[in-house]
Amino acid sequence: MNKKILLKTADNIRILSAAMVEKANSGHPGGAMGGADFVSVLFSEFLRFDPEDMSWPNRDRFFLDPGHMSPMLYSVLSLVNAFSMDDLQQFRQWGSPTPGHPELNVKRGVENTSGPLGQGHAIAIGAAIAERFLCQRFGEWMAHDIYTFISDGGIQEEISQGAGRLAGYLGLHNLVMFYDSNDIQLSTKTEAVTTENTAKKYESWGWKVKTIEGNNIGQIYQALAEARDEKEKPFLIIGKTIMGKGAVTESGDPFEGQVSTHGMPLGSAGASLDKSIENLGGNPGNAFHIFPDVKEHYKNVLKGKAADVKQRKEAQAAWEKENPALAKKLAGFISNDLPSIDFSQIVQKENAASRGASGTVLSHFAGKVENMIVASADLSNSDKTDGFLKNSKAFSRHDFSGAFLQVGVAELTMAAVANGLALHGGIIPVCATFFVFSDYMKPAVRMAALMQLPVKYVWTHDAFRVGEDGPTHQPVEQEAQIRLMEQLYNHSGKRSCLVLRPADSAETTVAWKMAIENTETPTALILSRQNIKDIPVIHGSDRYTDALQAEKGAYIVQHSAGKPDLILIGNGSEVTTLLEGAGKLNQEKNLNVQVVSAISEGLFREQDLAYQQEVIPDGIPVMGLTAGLPVTLAGLVGAKGRSLGMVSFGYSAPYKVLDEKFGFTPDNVFNEALTYLEEYK
């Protein structure tokens, strides 16, 4: 270790970070300047990666939690040739690869999109679990470390409780977290909001903790060396850093440790960029510049990393030759290959709750989809993920031979950890809880959608039919919220989330088929607590064959005899209510009624217009029924249509009583349809 060149590298990172923010006239220079020493040591001396292939599966990972410190990340990645000086000068500009907060770009060394504070380090925990899961199956030859960088804000966010507890419980000794403890926040010093003993807190969760001077190169190196050698516990390095390290005023006076440098350019904060650059050994006239000796240093660093990677790839090749079957399996995991699954052979119980039908599918997956990890937030026996658990076992300290993660009561943590499992690669993550608790998960679900991660969400107890538990546990507005994600497009031009609410057990099987085959976005499965009558077979030889039409988003489950007088549309358990109401309308009023099951409006709108017209023809009255807000079906019933749904919170009572009180009965469908048809005229 050459302390002199590592310190000069850190100063170079400080200059680049401050210059980026100043040029953009927007951003956060202070934290980046304070954290520069840590990333200087980490990237030079510890982080293993392939300079020619930043996506090499066995690389170490570095997850940045405080995305506002992106200038630090882009600057250190410019030293390994992942970003150019032009890229840095385009910081926060349209079309630039250097957005204000980092966005997933593995080929450039950006391992995660940094969202709300706290999610980044929970993502790292997911990646650490993935690494242990894979090593348990294929051997320690592929072991690698997971590093994450967190700030005061991330430590304060509630997600840190669940994340820290989980990592300590599992004994994730492959996880190293640097806490950039500079005692400064965006609007105050930390002393204004907390007096906690962070070290004791993490020690109580089972972490090993070391507190150092966070700008001391030697102490950083020693702490990282100890962390690398730790074999029992996750390792927290508390680095007492200096916000805006190296910043000075126009007169040359120190301007370090100032709140203002957290969230504005140095020149606006009260310091001088030019004088600060001079103070750090740079040339104000050429701020976007890598010092020659730093460039030479990194040339040697990259040579050393390439040589190390070459040896590891040779060891992997030897292992593959000795273990061809395992090698093939690992390659399939990494390539996201799916095993051959005959979904038609999954036998469902008659008239089952869709949560139970989901449990049957998960039971079938266990042992067949060998890289699937299922997580539940202390509800596995209610969300029926125990169908998977019964054929596997839960992770425990240092034991990742199973494939089930009991997260405890921590929904947001679970969702962020699932993102980390997906980001690491080689894993199919599933996470489950009650639908109403999805509200706790939304920030991480949004990040999964933004990063285009194929996480599977199992959300059960999908409506007011939770019954006696009352309005606190009865989702109403949640389906409308998550279906907005089907209308929001990601940066690849695709709908950002696939949302599926199946109408019976056969549709649940098909929904899982759709979910596991969807490798481009998250998938949400919204499932019932109560039993649902199976939809009668009308098309194929069996109900599963009929239900395959759900892959088009919506399909006809009851044809009218001739031109329909009315189209009834819904999803989930409301479809059987509509079918019964349609029968009453036909028998008593001789009306021709077409009934449609619409598992996903987003998918349906991607079908050709001819098919859409076949399912929901123009010029025909359309009425929908939903256990959510009426707006949930507004796009399907159209401007002249009518959507019946919940317009208030629920109440505590048996679900059949609630069906009667809220009008979710065939008789009410009959009455509302007649009223609507009269008004439609």
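This briefing describes one helix pair and the two largest cavities of the structure. The model is predicted, with local features needing pLDDT of at least 70 and side-chain atom pairs counting only at pLDDT 80 or more, while totals for chains, interfaces and linings use all residues. Residues are numbered from 1 along each chain as its sequence is written, and side-chain values use heavy atoms, leaving out hydrogens and water.

**Helices α1 and α3**

- The axes (lines fitted to C-alpha atoms over the stretch in contact, with angles from 0 to 180 degrees between N-to-C directions) of α1, residues 3–24, and α3, residues 70–79, come within 9 Å and cross at roughly 125°.
- That angle makes α1 oblique to α3, oblique being what is left once angles under 35 degrees (roughly parallel), over 145 (roughly antiparallel) and 65 to 115 (roughly perpendicular) are set aside.
- In α1, Thr9, Ile13, Leu16, Ser17, Met20 and Val21 meet Pro71, Met72, Tyr74, Ser75, Val76, Ser78 and Leu79 of α3, where contact means heavy atoms within 4.5 Å.
- By class, this contact of α1 with α3 has 9 nonpolar, 4 polar and no charged residues, with Ala, Val, Leu, Ile, Met, Phe, Trp, Tyr, Cys and Pro counted as nonpolar, Asp, Glu, Lys and Arg as charged, and the others, Gly among them, as polar.

**Cavities**

- The structure holds 6 cavities of 30 Å³ or more, a cavity being a set of points on a 1 Å grid over the protein atoms alone where a 1.4 Å probe fits but cannot get out, and lining residues having an atom within 4 Å of a point.
- The largest cavity has a volume of about 90 Å³, and its lining, which includes Phe43, Arg59, Asp60 and Glu111, has 6 nonpolar, 1 polar and 4 charged residues.
- The second largest cavity has a volume of about 50 Å³, and Trp56, Trp141 and Arg312 are among the residues that line it.

Definitions and conventions. Helix = DSSP H or I, 4+ residues; strand = E, 2+ residues; numbered from the N terminus. 1 Å grid on protein atoms, 1.4 Å probe; cavity = no way out; pocket = protein on both sides within 12 Å on 5 of 7 lines; lining within 4 Å. Points joined across faces, edges and corners; volume = space filled by probe spheres on them.
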